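Let's go through some of the labels used for this protein and ask what stands behind each one. Have the structure open as you read.

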Amino acid sequence: MVAIEKEGRLTPPVRKGRNIHPKAYQVPHSRIDAHKTSYLPQTIRDWNALPPDIPQAETLGAFKALMPEKELFGGAFSAFLPDGAKDVSDFRQIPDNQEVFTHAETDQSVIIEIMEHVEGGDDVAIKTHFEDLAQGNDVSPQDSEITHTEQISDDKLSSEHFDSAWYILGQQNVAKFNEVAKNTISIHMGLIRLSEFESDILITFNDPVNIDPSSSSHHAVPTHCIRWSVEDFKQLLMSFKLHDTGIFGV
């Protein structure tokens, strides 16, 4: 949950319909689509659409406990996504082995992928998946590095099918759309290993930390914009659940 000054921003609706909970707010009028889909109007719509018991939660912990998890891959998995995550499949085609979500106002994104299991130890898998990501981003070895790895303890994971799970932090200098300008991206990667199903789950949070002024990604971000944090990503990673093993063809 994010604290937003109510005065001048949040006002109760003039008319409350039968399906609107008591803590709903008016959605600001939008003259252009860019404003309509921006953080505040979209968040108010999402807030108003919540089941009536959730907005009544008195603490952040109680609110999160009531929030429904996002179904992924047709319900085979689920997880808590960061606030305001936009499903990219709503406006362009995504490969069947991916779920992709973007921040409404920044270039931050989260990609969840079902990958082929990398043979060997976890250290080999970490290195292989990170290098494959760099290659997919057309990043040279000198522009890509892993700076930290951390195993997530079993008691923090949400499925008994997971062999192990890792949080990996790295950095890559990425040129967008074959541009000359390179942007520095912090790569937060979650690796979940499922040898039983010959698969690895890769959850990647791309967080731009330095945008070159000549890059097409260089644009003003509204002052009220709330960026996704590492804590948001780790909540996603540790809430990730497997519900249907049929996704692996078994």
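Q: Where is Ser-78 found?
A: In this predicted model, Ser-78 is found in strand S2.

Q: Why is Ser-78 called buried?
A: Ser-78 has a relative accessible area of 4%. Buried means under 20%, so Ser-78 with its 4% earns the label.

Q: What makes the pair Ser-78 and Glu-69 a polar contact?
A: The two side chains meet at 2.9 Å. The cut-off for such N or O pairs is within 3.5 Å, and the 2.9 Å between Ser-78 and Glu-69 therefore fits. Glu-69 is also among the residues that Ser-78 touches, a list including Leu-72, Phe-240 and His-243.

Q: How do you know that S2 and S10 pair?
A: Pairing takes at least two bridges. S2 and S10 have 2 bridges, in the antiparallel sense, so they qualify. On the S10 side, Lys-241 is the bridge partner of Ser-78.

Q: What makes S1 and S10 edge strands?
A: The open sheet runs in the order S1-S2-S10, with antiparallel pairing. Strand S1 (70–72) and strand S10 (241–242) each pair on one side only.

Q: Which residues have the most contacts inside the largest nonpolar core?
A: They are Phe-77, Ile-112, Ile-192, Ile-201, Ile-203 and Phe-240, in a core of 28 residues. Strand S2 (77–79) and helix H5 (230–239) are among the elements that give two or more residues to this core. Ile-112, for one, touches residues including Ile-201, Ile-203 and Phe-240.

Terms used
Residues numbered from 1 in each chain as written. Predicted model: local features only at pLDDT ≥ 70, side-chain atom pairs only at ≥ 80, totals over all residues. Heavy atoms only, no water. Core = buried A, V, L, I, M, F, W, Y, C linked by side-chain atoms within 4.5 Å. Buried < 20%, exposed > 50% of the residue type's maximum accessible area, 1.4 Å probe, protein only. Helix = DSSP H or I, 4+ residues; strand = E, 2+ residues; numbered from the N terminus. Contact = heavy atoms within 4.5 Å. Polar contact = N/O pair within 3.5 Å; in protein donor to acceptor, adjacent residues only side chain to side chain. Lists of a residue's contacts leave out its neighbours within four places in sequence.
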